[in-house]
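Here are some short exercises to work through with the model open beside you. Try each task on your own, then follow the solution step by step.

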Amino acid sequence: MDKLYWLDQIKLQDRAKVGDKAFYLSRIMQRGYPVVPGFVVSAEILREFLENLNSSESLVADLPHSSLHLDVANWRQLQQVAGRLRQEILTATVPQDWVNTIFQAAREWQTGCLILRPTLAVSNATPSMKNISGLLESVFCQCEPEAIAFALKRTWSQIFRARSLLYWQRAGINLQQISLAVLVQPIENAIASGLLSANSSGWEIEATWGLGIAIALGEVQPDIYYIQQTTGIVLEQQLGNKMLAYGVDNAAPGAFSQPVSQSALTPDHTCLTTYLIQSAQQKQYALQEEYIQQIIALGTQLVSELGKSFIIKWTIAGQNTSSKLYITQVSSPQSVINHRHFIRGIGAAGGRVVATALVINNPQHKPEQLPKGVILVITAIAPDWLPLLHQVGGIITEQGGLTSHAAILARELGIAAVVNATSATSLIKTGERLLLDGDKGEVYRIKEEGESGREKEMERRKVAENPLLPAISPSRLALGSHLPMIATQLLVNLSQSSLIEQVQSFPVDGVGLLRSELMVLNILSGQHPNSWILGGRQTELLERWSEQIMQFARAFAPRPVFYRSLDWPQDLPSLSDNLQSSTQSMLGERGTFSYLRNPAVFELELQALASVQQAGYRNVNLLLPFVRTVEEFVFCRRKVEQALLTEVSQFQLWMMAEVPSVLFLLPEYVKAGAAGISIGTNDLTQLLLGVDREQGQLGKVFNERHPAVMSAIAQLIQMAKSAGIPCSICGQAPAIYPEIIDKLVEWGITSISVEPEAVERTYQAIARAEQRIILAAARRELKQGKK
């Protein structure tokens, strides 16, 4: 546990880590309003806890990455799954250093009782997800290590309750979208607690004796006060039915009589106690006039922060002789954060960055360079923009989906990105200060954030010093790390030589996809390779091309590097024209078909590969893109033989399995000399489902987990095994949907190739999948032995 997030120090960038409840309270607290001090155990801690659950059950082992697709209409299955998940969490062990960190921080309050409040953030939440009150409850515990550990697990386990699972599925929310943090605060007895609901037609105060949990659980009918907001006059009040009250530390306020029992909702470590209200006290209102006026005064101040419509929960802590009014929750705040997201798209590359926007309305007018660290806002990005992207801090595009050029480029470079952000170039102005959240797919305008000049300068320096905010962490992925052994090969997708030093020490078995299209953009000076050849500069281009490939061969030797040849039309002299054409059609004269019409550039690529071999590097193989027919493959194989690449015994000629015809022709390809296949899920999905992958608005249809796509992948793996050739997968599917790795390993995939930012989670997913297969085999043997 790296850190706790204290309410008085939480920043805008921390919102996804601390959840909405804690975030809103922090903003109010930092503006000087009365909020009980507290700190947040971030959502990242829960993810780490779930990833380290030591269970052989596949349902639990894949928990952090599972989509939990359940038949919620089957109540028996729902109850069983919920029970098993919660039991696994409650019986697991919270690392002692985590517990000690929380305990030492809480001891500063010198309190005997704590309240752990779930604080939730849901990325890409649907409009139907409006009110989750009652879904997750606060947990009370004594301020001691054992009690804290158990209360933490109880809080976490609530997202797996049957009603929670039902809600998530009905709302269209999967587990990856849920970030559950825990707000820890001291709790003391209260004179009264309740709500203030404000809107343009009037104000309403609800109040009950003791802690507000009695209202939350529906165990009392609170007093109600109708307030005229402009004057603060109580227009009407209604006495409620308040027979019970809640207190803490086994010491009730003087107004209460004997305790009934410890709450049935809390375990043995609870410090929450239920009290019966004396008969005379039941006939009295919970709020004295001075308290009513304090709440009205507080609400009047909050109008300037929250607008005219808001709801707050409040409590009056202490005894009658010494009391203080606190805000315990802020609901549906509108202007408390002037920077609430005003644009939502698809989170294409993770990370968060605060920077100034640079809006480019016409992508065809490409500047020579971009200011360092800016957030680029543009309609769409073609691959020829890649040399400029090294300078930017974030990317926002109006078009594209998870497998669009912008998304792929951003993930490889470690740049936070949001794609399919409708009207972004119209809504955002150059010079505006933005927070781009690539995890949630949201963009926030924060130029009016009430930060000090010093804070803004610190933010500016942070972005300027590290504009890319890479999602890759070399220290955690070094080969020396204590990682479990895996049999399935893990490869990496690359194109940029600038990333070699960072990635070459990762626990990968080589480069599964060296994207030539993106690699050569750094050496073409904006001209299509045909222009170089026609202009008599073939020798210079060959030297540049060979050197580019050699950098990867040298860095990863003796590990293999699979170089994929160009997947561009070959008959357009202008690179910008070519790329403009390619964005208009995902088919056309691409892949090996274009080699037949004009083989010059392909022959140059083969010469470059031969030069690398002649330099002594025998680890580079060739991967043919978008192969439509066996005739195309045979043509390319003959060109490879003429270039003498096959004279090196280690050399292998592979092909991309992405055109659906390969499902019928793979045996013929193998006979023609294909030594292996690499499944390209991006093109395979769009061709099987008839959806252009560049169209982000069709994102729900473009689903690489679709049964038709998964069936095709399974069939290709099985056909490759039958033919005795290796089968890899290098599309975006395993990185975006790690839950499918389980199936890939089970079906017998030879290797999985992913972007650098996905290496760690893919490695762990492979290890879990292999462990389950081994355990299942051991159990079968044990069962057969007993027979």
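Two strands count as paired if DSSP finds at least two bridges between them. Keep in mind that this is a predicted model.

**Exercise 1. Follow the barrel strands**

Task: Find how strand β23 is joined to β24, and continue from there to β25.

Solution:
- Start with β23, residues 489-494, which is joined to β24 by three bridges, the two strands running parallel.
- For a landmark, pick Val-492: its bridge partner in β24 is Val-511.
- Move on to β24 and β25, which also pair in the parallel sense, over three bridges.
- Here Leu-514 has Tyr-563 in β25 as its bridge partner.
- Now step back: these strands belong to a closed barrel of eight strands, running β23-β24-β25-β26-β27-β28-β29-β30 with parallel pairing.
- Neighbouring strands of this sheet are turned by 30° against each other on average, direction ignored.

**Exercise 2. Judge the surroundings of one strand**

Task: Decide whether strand β24 is largely enclosed or not enclosed by the rest of the structure.

Solution:
- Recall the cut-off: a residue is buried when its relative accessible area is under 20%.
- Check β24, residues 511-515: five of the five residues are buried, so the strand is largely enclosed by the rest of the structure.

**Exercise 3. Place two helices on the sheet**

Task: Work out which strands helices α22 and α26 touch, after locating the pair β26 and β27.

Solution:
- Locate β26 (residues 620-624) and β27 (residues 653-657), a parallel pair with three bridges.
- Within this pair, Leu-623 stands opposite Trp-654 of β27.
- Helix α22, residues 600-614, packs on the sheet and touches β25 and β26; its direction makes about 160° with that of β26.
- Helix α26, residues 707-723, also packs on the sheet, where it touches β27, β28 and β29. The direction of α26 makes about 170° with that of β28.

**Exercise 4. Explore the nonpolar core**

Task: Name the residues with the most contacts inside the largest nonpolar core, and the helix that gives the most to this core.

Solution:
- The largest core has 116 residues, and Trp-545 and Leu-622 have the most contacts inside it.
- Helix α19 (residues 538-556) gives the most to this core, with nine residues.
- Look around Trp-545: beyond its neighbours within four places in sequence, its contacts include Met-519, Ile-523, Leu-566, Val-601 and Leu-604.
- Another core, of 49 residues, lies apart from this one; among its members are Val-81, Leu-135, Val-139 and Ile-148.
- As background, nonpolar side chains tend to be buried together in soluble globular proteins.

**Exercise 5. Classify a helix pair**

Task: Determine how helices α5 and α6 are oriented and what kinds of residues form their contact.

Solution:
- Helix α5 (residues 96-107) packs against helix α6 (residues 145-157) at an angle of about 105°, with the axes 9 Å apart.
- Angles from 65 to 115 degrees count as roughly perpendicular, so α5 is roughly perpendicular to α6.
- On the α5 side you will find Trp-98, Val-99, Ile-102 and Phe-103, which meet Pro-145, Ile-148, Ala-149, Leu-152 and Trp-156 in α6.
- Sorted by kind, the residues of this contact are nine nonpolar, no polar and no charged.

**Exercise 6. Inspect a loop proline**

Task: Find out which residues Pro-34 touches.

Solution:
- Pro-34 lies in the loop between α1 and β2.
- Not counting residues up to four places away in sequence, Pro-34 touches Leu-298, Lys-324, Leu-325, Tyr-326 and Ile-327.
- Pro-34 and Leu-298 are 264 residues apart in sequence, yet 9.3 Å apart in space, C-alpha to C-alpha.

How values were computed. Residues are numbered from 1 along each chain as its sequence is written. This is a predicted model: local features need pLDDT of at least 70, side-chain atom pairs count only at pLDDT 80 or more; totals for chains, interfaces and linings use all residues. Side-chain values use heavy atoms; hydrogens and water are left out. Helices (H or I, at least four residues) and strands (E, at least two) are DSSP runs, numbered from the N terminus. Axes are lines fitted to C-alpha atoms, for helices over the stretch in contact, and angles run from 0 to 180 degrees between N-to-C directions. Contact means heavy atoms within 4.5 Å. Buried means under 20% relative accessible area, exposed over 50%, partly exposed in between (1.4 Å probe, protein chains only). A nonpolar core is a set of buried Ala, Val, Leu, Ile, Met, Phe, Trp, Tyr and Cys residues joined through side-chain atoms within 4.5 Å. Angles under 35 degrees count as roughly parallel, over 145 as roughly antiparallel, 65 to 115 as roughly perpendicular and the rest as oblique. Ala, Val, Leu, Ile, Met, Phe, Trp, Tyr, Cys and Pro count as nonpolar, Asp, Glu, Lys and Arg as charged, and the others, Gly among them, as polar.
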